[in-house]
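These notes are meant for someone opening this structure for the first time. Please keep the sequence and the 3D view at hand while reading the numbered points.

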Amino acid sequence: MTDIVDFLRSRLDEDELFAARGPGGQPIQPADLVWTYEPDTADARDGGSVVARGHRILIDSPMVIAAHVARWDPARALAEVEAKRRLMAEHRDDGDGHCQGCGMNAYEEMCRNIDNCPVLAALASVYAHHPEYDETWRPA
Ligand SMILES: [Zn+2]
């Protein structure tokens, strides 16, 4: 059975891999990680394009789709992975199975089992659709 830490590491590795690779599997160059939405006409409701370093990579799409794709560009996806890894570095096993991050303040209770850490549970909930997700991790 996979523990929550291994599960999250695997999902974040997958997210990083997909965010940093282009459609052909080749690495996306750092300058191409930031995507923007640009309307195709003066009326943005008509639709638009996703642009990376001056090149239109998604053309003439409904505004809601193109804007969504641009908002979740590779740079954002990689930043999300990094932020989640930083949280995981704080909420790690202290060697006795307790969460190192929970209970750091006097007003917080120490998490006695890393699999019950509310921070890790919240992070894992993003991947609740994954076949290896353990329903016991689901936040209350
Ligand atoms: Zn914790």
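1. Pro-39 stands opposite Gly-48 in β2, and Glu-38 stands opposite Ser-49 in that strand. These pairs belong to a ladder in which β1 is joined to β2, residues 48-52, by 5 bridges, with the two strands running antiparallel. The model is a predicted one, and every remark below should be read with that in mind.

2. On its other pairing, β2 is joined to β3 by 4 bridges, again in an antiparallel arrangement, and here Gly-48 stands opposite Ser-61 in β3. Gly-48 therefore has a partner in β1, namely Pro-39, as well as one in β3. The link between β2 and β3 is a hairpin with 2 residues between the strands, and Arg-53 in the turn has a positive phi of about 45°.

3. Taken together, 3 strands form an open sheet in the order β1-β2-β3, with antiparallel pairing. The edge strands are β1 (35-39) and β3 (55-61), each of which pairs on one side only. Neighbouring strands of this sheet are turned against each other by 25° on average, if direction is ignored.

4. Is β2 enclosed or open to its surroundings? Of its 5 residues, 4 are buried, so β2 is largely enclosed by the rest of the structure.

5. The loop between β1 and β2 holds Asp-43, and this residue counts as exposed because it has 9 C-beta neighbours inside 10 Å, where the cut-off for exposed is 12 or fewer. Asp-43 and Met-63 lie 20 residues apart along the chain, and their C-alpha atoms are separated by 10.0 Å.

6. Turning to the interior, the largest nonpolar core has 13 residues, and those with the most contacts inside it are Ile-4, Leu-8, Cys-117, Leu-120 and Ala-124. The elements that give two or more residues to this core are α1 (4-19) and α4 (118-125), and the largest share, 4 residues, comes from α4. A second, separate core of 6 residues includes Trp-35, Ala-52, Ala-66 and Ala-70. As background, nonpolar side chains in soluble globular proteins tend to be buried together.

7. Cys-117 deserves a separate look: apart from its neighbours within four places in sequence, Cys-117 is in contact with His-91, Cys-99, Cys-102 and Cys-111.

8. How do the helices α1 and α4 meet, and at what angle do their axes cross? The axes come within 10 Å and cross at roughly 40°, and α1 and α4 are therefore oblique to each other, in a crossing that is left-handed. On the α1 side the contact is made by Ile-4, Val-5, Phe-7 and Leu-8, while α4 supplies Leu-120, Leu-123 and Ala-124.

9. Helix α1 also packs against helix α3, residues 74-90, where the two axes come within 9 Å and cross at roughly 160°. That angle makes α1 roughly antiparallel to α3, and α1 passes α3 in a left-handed crossing. The residues making this contact are Leu-8, Leu-12, Asp-15, Glu-16 and Ala-19 of α1, together with Pro-74, Ala-77, Leu-78, Val-81, Lys-84, Arg-85 and Met-88 of α3. Leu-8 thus appears in the contact with α3 and in the contact with α4, and Leu-8 is also one of the residues with the most contacts inside the largest nonpolar core.

Definitions and conventions: Residues are numbered from 1 along each chain as its sequence is written. This is a predicted model: local features need pLDDT of at least 70, side-chain atom pairs count only at pLDDT 80 or more; totals for chains, interfaces and linings use all residues. Axes are lines fitted to C-alpha atoms, for helices over the stretch in contact, and angles run from 0 to 180 degrees between N-to-C directions. A nonpolar core is a set of buried Ala, Val, Leu, Ile, Met, Phe, Trp, Tyr and Cys residues joined through C-beta atoms within 7 Å. A residue is buried if 20 or more other C-beta atoms lie within 10 Å of its own, exposed if 12 or fewer, and partly exposed in between; C-beta atoms are placed from the backbone. Two residues are in contact if their C-beta atoms, placed from the backbone, lie within 7 Å. Angles under 35 degrees count as roughly parallel, over 145 as roughly antiparallel, 65 to 115 as roughly perpendicular and the rest as oblique. A crossing is left-handed if the near helix is turned anticlockwise from the far one by less than a right angle, and right-handed if clockwise.
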